[in-house]
Amino acid sequence: MKNVLITGGSGGIGTAMCVGFAQAGYNVIIHYNSKKQQAQNLAKVLRESYGVEAFAVWADVADRQSVNRMFDEIEKNFGSLYAIVNNAGIACQKLFTDITQSDWSRMVSVNLDGVFNCTQEAVKRFLLPCHSGVVLNISSMWGQAGASCEVHYSAAKAGVIGFTKALAKELGLSGIRVNCIAPGVIMTDMMSGFDEETVNALKEETPLNTLGSPKDIADAAVFLCSNRARFITGQVLGVNGGFII
């Protein structure tokens, strides 16, 4: 049975991915930062509902020492890792002129440095020695096209896309695939700050005239980590209903 680490596994998209991978027969390591109870409850549900191994582990992905301790725990409890899904992230809307140095640093440290920290540990400890495995990064359609009032977010997510393409070229000969999902508007708690009018406007801008669900991202993630995607690497899959084409 293969083991997968999902960072930000206790959030909306993260939870859906944890369930999706458990349904597909993976043992699931659920990373969390602030949602300890949700992560532990989810691990219990996965064990009881799908008969897989699952446990929750804490780390601040922006802090390398914290990430190292998380991987020590993974190594102790699981011994191996087949796939890592870099899903942990933060978002913020601000005028460019209002973004502080602290805002910028925190956005980049979580959304980009976090991907570097976790991926490097996964690759060095588990994937390279086995000459197999998958790295899957979660970016955003704004990493492809840019979003007004989200310059720091867009820049960090664009960095994730560049990271994906470069690493895929470097790790291909080692049998490791690296891909990226760029979600569109997905109905999660992050959308709670938008009023109904804004949500409806986003829906109307989407060619499929509907907004995405966390399961849409989970289904794509499970596929990209499976053998059905064995010849796919270095790609960015837009799961956005046609919002960005």
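1. Let's start with Glu-121, which is buried, at a relative accessible area of just 6%. Keep in mind that this is a predicted model. Glu-121 makes a salt bridge to Arg-125, and the closest N and O atoms there are 2.7 Å apart. Both belong to helix α4, and because they are four residues apart, about one helical turn separates them. Arg-125 counts as partly exposed, at 21% relative accessibility. With the cut-off for buried set at under 20%, that 21% puts Arg-125 in the partly exposed class.

2. The Glu-121 and Arg-125 pair doesn't stand alone. A network of salt bridges links the two with Arg-64, Asp-72 and Glu-75. Over the whole structure, the search turns up eight salt bridges.

3. Two more salt bridges follow a helical spacing. In helix α2 (residues 36–50), Lys-44 and Glu-48 are four residues apart, about one turn. Their closest N and O atoms are 2.8 Å apart. Lys-44 is partly exposed, with a relative accessible area of 43%, while Glu-48 counts as exposed at 58%.

4. Helix α8 (residues 214–225) has a pair of its own: Asp-219 and Lys-215 both lie there, four residues apart, about one turn of the helix. The salt bridge between them has its closest N and O atoms 2.9 Å apart. Here Lys-215 is exposed, at 52% relative accessible area, and Asp-219 is partly exposed at 42%.

5. Back to helix α4 for a smaller detail. Ser-109 has its place in that helix and is buried, with a relative accessible area of 14%. A polar atom of the Ser-109 side chain lies 2.9 Å from the backbone oxygen of Arg-106. If you're browsing the helix, look at that contact alongside the Glu-121 to Arg-125 salt bridge.

6. On to the aromatics. Five aromatic pairs come out of a search of the whole structure. Take Phe-21 and Tyr-26: the ring centres are 4.9 Å apart and the planes are at 85°, so this one is edge-to-face. The cut-off behind that label is an angle of over 60 degrees. Phe-21 is buried, at 0% relative accessible area, and Tyr-26 is buried too, at 7%.

7. Tyr-82 joins in as well: ring pairs link Phe-21, Tyr-26 and Tyr-82 into a cluster. Which residue puts its charged end over the ring of Tyr-82? That would be Lys-2, whose charged end sits 4.0 Å from the ring centre.

8. Now for the surface. Phe-96, Trp-104 and Val-151 make a nonpolar patch of about 290 Å². Of these, Phe-96 is found in the loop between β4 (83–86) and α4 (101–130). Phe-96 is exposed, with a relative accessible area of 57%.

9. One last spot to look at is Gly-175, in the loop between α6 (151–171) and β6 (176–183). Gly-175 counts as partly exposed, at 40% relative accessibility. How far apart in space are Gly-175 and Leu-127, C-alpha to C-alpha? They are 8.8 Å apart, with their positions 48 residues apart in sequence numbering.

Key:
Residues numbered from 1 in each chain as written. Predicted model: local features only at pLDDT ≥ 70, side-chain atom pairs only at ≥ 80, totals over all residues. Heavy atoms only, no water. Phe/Tyr/Trp six-rings, centres within 6.5 Å; stacked < 30°, edge-to-face > 60°. Buried < 20%, exposed > 50% of the residue type's maximum accessible area, 1.4 Å probe, protein only. Lys NZ or Arg CZ within 6 Å of the ring centre and 35° of its normal. Patch = residues over 30% accessible without salt bridge, like charges linked within 9 Å, V, L, I, M, F, W, Y side chains within 5 Å. Areas by Shrake-Rupley, 256 points an atom, 1.4 Å probe, with all protein chains shown as cover. Salt bridge = Lys/Arg side-chain N within 4 Å of Asp/Glu carboxyl O. Polar contact = N/O pair within 3.5 Å; in protein donor to acceptor, adjacent residues only side chain to side chain.
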